[in-house]
Amino acid sequence: PRALVLHFNEPLNTATTAIALVDAVGRQLLVGPFEYTNGNRTVSAPVGVLAPGSYTVFWANVSRVDGHRI
């Protein structure tokens, strides 16, 4: 993929967005910059060219609606 795209049912606090992409051997790869759409309910982050293989996406944020960490 050219980007990671995450969809949420509540608007995100853009100051607290964290997205990490890790390859199969545990190296963290660069992502970003983040782009918010859909009333800050969707965040996308471009990624570089990825070799075939397994990857893990970690993400965290705080809801603007209730302040809960998601």
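Q: What is the relative accessible area of W59, and which class does that give?
A: This is a predicted model, with residues numbered from 1 along each chain as its sequence is written; local features need pLDDT (the predictor's confidence in each residue, from 0 to 100) of at least 70, side-chain atom pairs count only at pLDDT 80 or more, and totals for chains, interfaces and linings use all residues. Side-chain values use heavy atoms, with hydrogens and water left out. Buried means under 20% relative accessible area, exposed over 50%, and partly exposed in between (1.4 Å probe, protein chains only). The value for W59 is 41%, so W59 is partly exposed.

Q: With which residue does W59 form an aromatic pair?
A: Rings of Phe, Tyr and Trp (its six-membered ring) pair if their centres lie within 6.5 Å; planes under 30 degrees apart count as stacked, over 60 as edge-to-face and the rest as tilted. One aromatic pair results from this rule. The centres are 5.2 Å apart with 70° between the planes, an edge-to-face pair of W59 with F8.

Q: How many residues apart are F8 and W59?
A: Strands are DSSP runs (E, at least two residues), numbered from the N terminus. F8 is in the loop between β1 (3–7) and β2 (18–23), whereas W59 is in strand β6 (residues 55–60). F8 is buried because its relative accessible area is 17%. The pair links distant parts of the chain, and its separation is 51 residues.

Q: Which residue meets R27 in a salt bridge?
A: A salt bridge is a side-chain nitrogen of Lys or Arg within 4 Å of a carboxyl oxygen of Asp or Glu. The whole structure holds one salt bridge. R27 is exposed at 54% relative accessible area, while its partner is buried at 11%. The N to O distance is 2.7 Å, and the partner is D23.

Q: Which strand is joined to β2 by six bridges?
A: Two strands pair if DSSP finds at least two bridges between them. β2 runs antiparallel to β3, with two bridges, one of them between V22 and Q28. In the other antiparallel pairing, A18 has A60 as its bridge partner, and the strand with six bridges to β2 is β6.

Q: Which residue takes a positive phi in the hairpin of β2 and β3?
A: Four residues lie between the two strands of this hairpin. Phi is near 95° at G26.

Q: Which elements give two or more residues to the largest nonpolar core?
A: A nonpolar core is a set of buried Ala, Val, Leu, Ile, Met, Phe, Trp, Tyr and Cys residues joined through side-chain atoms within 4.5 Å. The largest has nine residues: L4, L6, F8, L12, I19, L21, V43, A45 and V47. Its contributors of two or more residues are β1, β2 and β5.

Q: To which residue is P33 joined by a cis peptide bond?
A: P33 is in the loop between β3 (28–29) and β4 (35–37). Contact means heavy atoms within 4.5 Å, and P33 is among the contacts of A45 beyond four places in sequence. Omega is about 5° for the bond that joins P33 to G32.

Q: What is the relative accessible area of N40?
A: N40 is in the loop between β4 and β5 and has a positive phi of about 65° although it is not a glycine. N38 also has a positive phi, about 60°, but N38 is exposed at 51%. N40 is buried, because its relative accessible area is 19%.
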